[in-house]
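Let's take a walk through this structure together, one stop at a time. Keep the sequence and the 3D view open as you read.

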Amino acid sequence: MKRHPFILVAATVVATLALAHTMGCGAARSARSLAAEKVYVAPGELDKYYAFLSGGQSGSVFVVGIPSGRLIREIPVFEPRAAYGYAMNDNDPRRQELVATGGVWGDTHHPVLSETNGMPDGKYLWINDLANGRLARIRLDYFEADRILKLPNMQGAHGIAVVSPNTKYIVVNGEFEQPTDGLVTNPAPYTSVVSFVDPDSMQVKFQVRINGNIDIADTSKDGRYSFSTIYNLEQGKDLGSMIQYDRDAVAAIDIPAAEKAVAAGRGEVRNGVPIIDPETNPGVLTLIPVPKNPHGINVTPDGRYAIASGKLSPTVTIIDAHTLKIVAEPEVGLGPLHTTFDDRGNAFTSLFLDSQVVKWNIDKAVAGKSDYIVDRINVHYNIGHLQAVGGDHMHPAGDYLLALNKLSKDQYIPVGPDLPENQELIDISGEKMKMLSSFPTVPEPHEATFMAVSVLKPLVHQTFTPASDAVEAGKERVVRTGPHAVTVDMTLIRSAYTPDKVEVREGDQVTLKITNVETIRDMIHGFALPDHNLNIALAPGYTKTITIDAGKPGVYWYYCTNFCSALHLEMRGRMVVQPKDSTVTLPDWHAAANVQGQVVPGVPSTGAKQ
Ligand code: K7E
Ligand code: CUA
Ligand code: CA
């Protein structure tokens, strides 16, 4: 091949430049290699932590490996997900629950872990739905949302926190104020409530009224106080009036005092929940004045201080978490939103306007020393929350910090008019912070919380414990339970449905109770039914009951959507829908009534089990 001399020259220049680059940037390259090594998790190796990230407008929780940044799992909560067969069908009780409590979508912000002795115990994770005023509980033994609570008497469930050290309550703040008596005819200024939810029963035990809105929450480490930021002490109903006062407040609720008032019957019961009014119950609420329109509130791991982030003020306010007195108000930078902690007495505050994380020393700031700022690092860009591993519990690890950024210009190419949201992992093990990696996410990252993989791993179940009404192998049946109703008890095991033929009539309501009778971890089977808007996935041991309309006459193949074996493609069966006027004899429900609990004669069953 004949080469053009120009190309040869150009190639030589490029090679020379590349060599110069390699030699000149030796130091930079080794910093890159060091960072790469810190986040590299070889195939087959485990991440050290799992981070639970709020999925924001995705209405879910993302589980991300740290330090790798690999997406491990999505836990759907407020939105249906076909991949997990979650709330997919109109007749799925979970979907009905979502519809009844606000809708099949949510705006999740704050994941919080259950605690024992001030440390995550791996039992539960709670997440709020700001938009529809809900609180969901996720069981970490199954990584599944198991309870969804619509909070009465409030709107905009925003800040949430567990009451340390042993998860006595989940605190949920109502951000959007409402007429105090719950009626729109009430001319009085709007107020809001903080809810105290029992972690096991998921019932609201009591609420405390606040004159103003209630934003972010945290609790003292000794179970005494819950702290909430208030940015609208003005009780304004428009932007202008919400930013009038020079100082708003942090509300400190004395939990034992509130409990005492409830026990004495001093709550006004509305929608079954006693609401304590601090004005007639002195001692329940203390308002601590902080610069106008604060945002985050975070209690130090040792429980000594509650730190309110200034947002509109370039300061954080350090409050003694026992005396409730302000001990210092150091400047940290522009737009402070949230604060987290390492294990060496340092705080890290996110600066939304500066697009930075600032590291500062708590003792020095409290002592009024001038050199309390330790370090600053740029993030990309406009950071909201940040969380260091364990920074929200009593014993932080002091190794990694996750920056959850709102914007990512110049980090990734645009994806349409949009850019991906961005998260960055920062090494905080040394004096200076080091940027390690960035990884994008779907909209929109808010808060994160971490669990050590070594703690979590043994707590996760291998299979679901079959429910009492699970279908047992050998007890499958098709029963006509009414003139237009058929019940199917079905089991799934590699690689067959039993029964593999269900014959019904046009106009029938078909109730499918399906159990995956596998006992081996990860042996998931799906059940998709064309033209019936139905796809569910069932983990081993899981039972789902769904009622569908038989639909138009025809043959519909239900098939397995989760690859399960070499015969996965053959794992299918038929729902045959006879026309209304069909002359085919189907077992009638009078006959079925006589053979209750037995397989209706004529229903074929496959024997193809392994
Ligand atoms: Cu700051 Cu909802 Cu936690 Cu988001 S809130 S940033
Ligand atoms: Cu069962 Cu694929
Ligand atoms: Ca204000």
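Where is tyrosine 381 found? Tyrosine 381 sits in the loop between β25 (373–378) and β26. Before going further, keep in mind that this is a predicted model. What brings us to this loop is a backbone detail: the peptide bond that leads from histidine 380 to tyrosine 381 is cis, with omega near -15 degrees.

There's another cis bond to look at further along the chain. This one runs from threonine 498 to proline 499, and its omega is near -5 degrees. Proline 499 also belongs to a loop, the one between β33 (496–498) and β34 (501–505).

While we're on backbone details, have a look at two residues with a positive phi. Asparagine 153 isn't a glycine, yet its phi is positive, at about 65 degrees. You'll find asparagine 153 in the loop that links β7 (144–150) and β8 (155–162). Glutamine 235 isn't a glycine either, and its phi is positive too, at about 55 degrees. Its place is the loop between β13 (225–230) and α4 (239–242).

Now go back to β26, since a sheet begins there. Four strands make up this open sheet, in the order β26-β27-β28-β29, and their pairing is antiparallel. β26 (383–388) and β29 (434–441) are the edges: each has a single partner strand, so one side of each has no neighbour in the sheet. From one strand to the next, the twist averages 20 degrees. Inside the sheet, β27 (residues 400–405) and β28 (residues 421–427) run antiparallel and are joined by six bridges. For one matched pair, pick out asparagine 405, whose bridge partner in β28 is asparagine 422.

A second sheet invites a side-by-side look. It's an open sheet as well, with four strands in the order β4-β5-β6-β7 and antiparallel pairing. Its edge strands are β4 (112–116) and β7, each of which pairs on one side only. Here the twist averages 30 degrees from one strand to the next. Four bridges tie β4 to β5 (residues 119–129), and the two strands run antiparallel. Across from valine 112 you'll see tryptophan 126 in β5.

Next, the ligands. Which residues are around ligand 1? The full set is His109, His110, His158, Ile216, His295, His338, Gly384, His385, Lys406 and His446. This shell divides into one nonpolar residue, eight polar ones and one charged one.

Lys406 deserves a second look. The side chain of lysine 406 makes a polar contact with the side chain of glutamate 444, at 2.8 Å. Glutamate 444 itself lies in the loop between β29 and β30 (448–452). Is glutamate 444 buried or exposed? Its relative accessibility is 19%, so it counts as buried, given that buried means under 20%.

Then there's the calcium ion, ligand 3. Its coordination comes from Tyr231 (O), Glu234 (OE, listed twice), Met242 (O), Asp248 (OD, listed twice) and Asn293 (OD1), at 2.3 to 2.8 Å. Along the sequence, the donor residues follow the spacing Y-x2-E-x7-M-x5-D-x44-N.

Two of these donors can be set beside each other for accessibility. Aspartate 248 counts as buried, at 1% relative accessibility. Methionine 242 is partly exposed, with a relative accessible area of 21%. Methionine 242 has its place in helix α4.

To finish, try a couple of distances, both taken from C-alpha to C-alpha. Methionine 242 and alanine 388 are 146 residues apart in sequence and 32 Å apart in space. Now turn to serine 33, found in helix α2 (residues 26–39). Serine 33 is partly exposed, with a relative accessible area of 41%. How many residues separate serine 33 and leucine 436 in sequence? They are 403 residues apart in sequence and 10.0 Å apart in space.

Conventions. Residues are numbered from 1 along each chain as its sequence is written. Chains are lettered from A and ligands numbered from 1 in the order in which they are written. This is a predicted model: local features need pLDDT of at least 70, side-chain atom pairs count only at pLDDT 80 or more; totals for chains, interfaces and linings use all residues. Side-chain values use heavy atoms; hydrogens and water are left out. A residue is near a molecule or strand if one of its heavy atoms lies within 4 Å of it. Ala, Val, Leu, Ile, Met, Phe, Trp, Tyr, Cys and Pro count as nonpolar, Asp, Glu, Lys and Arg as charged, and the others, Gly among them, as polar. Donors are N, O and S atoms within 2.8 Å of the metal (3.2 Å for Na, K and Ca); water is not among the atoms, so sites may look incomplete. Buried means under 20% relative accessible area, exposed over 50%, partly exposed in between (1.4 Å probe, protein chains only). Two strands pair if DSSP finds at least two bridges between them. Axes are lines fitted to C-alpha atoms, for helices over the stretch in contact, and angles run from 0 to 180 degrees between N-to-C directions. A polar contact is a pair of N or O atoms within 3.5 Å; within protein, one must be able to donate a hydrogen and the other to accept it, and residues adjacent in sequence count only if both atoms are side-chain atoms.
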